[in-house]
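Here is a set of questions about how labels are earned in a structure. Each answer sets a value against its rule.

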Number of protein chains: 2
Amino acid sequence: MTQLEFAKKGTISPALKKVAREESLHPDELVALVARGQVVIPFNSNHPRLRPLGIGRKLRTKVNVNIGTSRDFPGLEEELKKVDVSLRYGADTIMDLSTGGDLKKIRKTILHKVPIPLGTVPVYEAAIEAIEKRGSILAMTVDDLFAVIEAQAREGIDFITVHCGLTSKAIQRLKSQGRVADVVSRGGAFHLAWILHNQKENPLYENFDRLLEIARAHDITLSLGDGLRPGSILDATDRPQVEELLTLGELVKRAREQNVQVIVEGPGHIPLDQVEMNVKLQKRICHDAPFYVLGPLVTDIGAGYDHIVAAIGGAIAAAAGADFLCYVTPAEHLGLPSVDDVREGLIASRIAGHAADIVKGVPGALDRDLKLSQARKKLDWDKQKALAIDPHKFEDIRKKRKSKTEACSMCGEFCAMRLVSEFLNSHGGPDAVRC
Amino acid sequence: MTQLEFAKKGTISPALKKVAREESLHPDELVALVARGQVVIPFNSNHPRLRPLGIGRKLRTKVNVNIGTSRDFPGLEEELKKVDVSLRYGADTIMDLSTGGDLKKIRKTILHKVPIPLGTVPVYEAAIEAIEKRGSILAMTVDDLFAVIEAQAREGIDFITVHCGLTSKAIQRLKSQGRVADVVSRGGAFHLAWILHNQKENPLYENFDRLLEIARAHDITLSLGDGLRPGSILDATDRPQVEELLTLGELVKRAREQNVQVIVEGPGHIPLDQVEMNVKLQKRICHDAPFYVLGPLVTDIGAGYDHIVAAIGGAIAAAAGADFLCYVTPAEHLGLPSVDDVREGLIASRIAGHAADIVKGVPGALDRDLKLSQARKKLDWDKQKALAIDPHKFEDIRKKRKSKTEACSMCGEFCAMRLVSEFLNSHGGPDAVRC
């Protein structure tokens with residue numbers, strides 16, 4: 001039984017119970033959200049020592065970290081360091097997007113290392129196998145693709161990106177649109193090439209019921225990919241993007257009917273004034289399915305700092321209702337991220353999620369800001385550090401730029417907090433202003 | 001004559017002409033904006049080799065960099081490096097907030113080095129002089145404060161922060177409010193202490209006409225400070241903040257009547273869903289005066305990454321109409337920023353400003369994204385680098401994470417751009433998918 005099936009029957013599964021406790025929600029409320037598909041709990045029983053996690057409405061905004069080798073950087077060791085950093089700095093989920101080295105070994109090693117939901121994009125492995133076995137991505141068969149999906153589901157992968165909505169019709173929309181950046185999704189590009197070359201419909205769309213059978217059997221959550229997401233803000237919210245979204249909306253309904261948990265992926269490069277609208281459009285078209293956004297990136301010129309660009313878009317998106325943020329690193333558009341890039345990207349996304357959770361009214365979010373600000377007023381640096389988004393960075397900067405006073409080295413004796421708290425409360429305290 | 005006086009008479013000054021050219025605006029349109037006070041051109045004729053700059057409606061969002069010594073880090077040399085970095089990475093204005101070392105020498109050196117508007121907070125120098133001469137900030141006289149303001153105006157300072165709105169009444173509002181973080185503005189704290197100790201009204205409010213005389217004589221732009229800006233998101237948009245804003249609105253009107261250019265400073269720590277409202281409130285209450293925001297910071301827990309927190313708030317604020325962003329560095333709340341912190345903070349704010357300019361429709365903003373995305377599609381790395389927000393960082397990451405292919409090391413042979421452009425256009429191109 002999938003978590004959705006349990007919930008539809010009103011059964012509070014052990015996983016749901018844990019999620020409810022973690023999110024300070026009553027299990028009865030959570031079970032209703034899961035039953036309606038507004039919340040998913042990606043939870044493959046073959047994933048050892050997995051801690052259950054909820055994604056969706058009324059829950060804390062979650063952050064995913066993409067790791068994985070490439071052909072230029074195929075080493076497993078660096079990726080395992082990225083896993084460590086991800087776990088230490090609070091990633092909620094990880095996706096292994098490896099395309100270099102021994103894919104099966106890498107995935108298995110990561111799966112056994114992480115107690116948080118692990119996602120993949122199976123078409124990567126299928127495409128690489130097709131090159132190896134048949135000489136080209138284009139020669140991949142439908143069975144090849146489904147064999148990979150089924151194998152990964154059996155292994156214990158918790159959620160998979162499947163580009164089911166990139167149909168022939170969507171490609172026609174793409175052609176008639178005339179985009180600045182065409183297609184920037186790697187999986188999307190594979191599907192597009194395959195469809196055009198073979199003159200066949202998208203195999204994941206045509207065989208969606210087959211996909212649902214596998215997903216249901218292993219309770220693997222489908223993350224409906226947006227292969228046509230805009231790769232330039234000039235392409236945002238255009239006809240191909242929305243065409244694909246309409247298809248995903250249909251597929252959400254079909255998945256839920258088969259008790260398969262489903263979320264929807266979203267853009268991408270979106271100018272600031274279209275971010276909220278994109279979230280509302282997705283929620284409406286996709287029957288309030290949890291929304292998993294990549295960024296959004298509110299400008300195309302930020303390479304080197306795209307974690308900041310994505311934090312801007314991600315905060316706005318999450319405040320508008322997006323449930324799940326895929327992090328973006330400073331190396332985006334430039335290369336495979338380093339371990340440091342992973343940390344920077346993760347923290348930036350967590351800031352975005354937290355800023356949104358405050359205004360979403362997520363239990364406990366604002367309370368942390370309150371406690372930190374109270375500690376700040378008291379110049380209690382240890383407590384501030386403990387509550388800061390990254391206590392290590394907090395400590396590093398404090399050490400490098402330390403003050404001779406109890407305040408910080410920006411204001412020192414002229415610290416406003418110190419001056420005012422003595423003054424406002426005592427109406428005396430000239431000690432503070434003598435210096 | 002001030003720029004406002006020229007504009008009211010319909011005279012297109014040489015400075016205004018240059019600003020119009022830079023902003024791709026017709027001088028007739030700009031002169032009307034300046035005449036109404038919706039745009040200011042901080043331009044003190046005693047500032048050598050100053051390039052005129054406009055701030056306000058219809059113009060590119062501007063970014064200010066705060067530099068300056070503290071008692072813990074009084075060295076001029078490091079501050080001059082910060083100036084270099086600020087100029088190289090595109091700061092529009094600089095504020096010298098020095099409180100350590102030889103203040104006059106530091107300010108003079110910076111003034112002669114920067115061809116962009118330079119701002120200060122004169123009460124810092126006045127307060128430090130009062131400590132030296134009279135033993136306490138509290139013993140500062142009204143004449144002491146005005147002497148400093150006049151001297152700085154004569155030197156060539158282009159704009160000054162003056163906390164005129166922190167009145168006795170505002171302090172009453174503060175007391176009755178009961179804040180989490182009381183006062184976090186250093187200048188605000190000085191004024192509050194002085195007012196409470198001396199049982200007198202704020203000297204800059206009481207003697208506002210005297211301030212206007214000096215400002216008018218030297219065309220120094222007044223930046224009406226928000227001494228009661230919230231220092232925790234839990235204090236955002238509260239009664240003391242709005243009380244001060246109401247006073248600033250009155251003073252904007254009085255300044256303009258005396259042909260003094262004026263802008264208004266704003267928060268501070270503001271939750272995401274109150275940012276737009278704050279901008280609209282300021283614009284309405286302050287007669288559409290240019291709005292200069294510090295951040296806003298959308299969470300209190302980001303120390304170490306407050307440049308990212310501020311980029312989120314700054315982008316939203318600027319998109320809603322804020323005209324001028326004061327940068328925030330990673331060292332905010334922790335210490336005086338290093339040279340690297342200055343660069344990081346500046347770039348983050350420039351990203352925020354640019355993301356907003358795209359949706360504000362600022363001429364040329366979107367065009368840069370278009371050109372970069374076109375270069376990205378062609379895998380033209382040199383052109384991408386030239387158009388990126390920080391070409392040096394772009395190059396650094398590229399070098400560290402280089403690919404053996406013409407694409408980047410994330411996807412290499414599987415680059416979606418490469419795959420799709422060959423495919424979508426030629427319907428063939430199996431070269432791209434053979435690998």
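Helices (H or I, at least four residues) and strands (E, at least two) are DSSP runs, numbered from the N terminus. The model is predicted: local features need pLDDT of at least 70, side-chain atom pairs count only at pLDDT 80 or more, and totals for chains, interfaces and linings use all residues. Residues are numbered from 1 along each chain as its sequence is written, chains are lettered from A and ligands numbered from 1 in the order in which they are written, and side-chain values use heavy atoms, with hydrogens and water left out.

Q: What makes the peptide bond between P267(A) and G268(A) cis, and where does G268(A) lie?
A: Omega is about 15 degrees there. G268(A) sits in the loop between strand 8 (262–266) and helix 13 (272–285) of chain A. Most residues other than glycine have a negative phi, and most peptide bonds are trans. A cis bond also runs from G295(A) to P296(A), with omega near -10 degrees. P296(A) belongs to the loop between strand 9 (291–294) and helix 14 (306–320) of chain A.

Q: What is notable about phi of D288(A)?
A: Phi is near 65 degrees, a positive value in a residue other than glycine. D288(A) is in the loop between helix 13 and strand 9 of chain A.

Q: Why is D288(A) called buried?
A: Buried means under 20% relative accessible area, exposed over 50%, partly exposed in between (1.4 Å probe, protein chains only). D288(A) has 12%, so it is buried.

Q: Which residues of helix 11 of chain B are buried?
A: In helix 11 (residues 208–218), they are F208(B), L211(B), L212(B), I214(B), A215(B) and H218(B).

Q: How do you know that they line one face of the helix?
A: The arc is that of the directions from the helix axis to the C-beta atoms. Seen down the axis of helix 11 of chain B, the buried residues fall within 165 degrees, so they line one face. The face turned away from the buried side carries exposed E213(B) and A217(B).

Q: What covers the buried residues of helix 11 of chain B?
A: The cover includes helix 7 (142–155), strand 6 (159–162), helix 10 (203–206), strand 7 (221–224) and helix 12 (239–257) of chain B.

Q: What makes a set of residues a nonpolar core?
A: The members are buried Ala, Val, Leu, Ile, Met, Phe, Trp, Tyr and Cys residues, joined through side-chain atoms within 4.5 Å. The largest such core has 270 residues. Among those with the most contacts inside it are L224(A) and L211(B).

Q: How do you know that chains A and B have the relation of a two-fold axis?
A: Copies are superposed by least squares on the C-alpha atoms of residues with pLDDT of at least 70 in both. Chain A lies on chain B with an RMSD of 0.0 Å after a turn of 180 degrees and a shift of 0.0 Å along the axis. That is the relation of a two-fold axis. In chain A, the C-alpha nearest the axis belongs to I312(A), 2.2 Å away.

Q: Why say that the copies meet through the same surface?
A: Contact means heavy atoms within 4.5 Å. Interface residues of chain A are also interface residues in chain B at 100%, so the surface is the same. Each side is counted: 114 residues from chain A and 114 residues from chain B.

Q: Why is the pair E413(B) and R71(A) called a salt bridge?
A: The rule asks for a side-chain nitrogen of Lys or Arg within 4 Å of a carboxyl oxygen of Asp or Glu. Their side chains meet at 3.7 Å, N to O. Across the interface of chain A and chain B, the rule finds six salt bridges.
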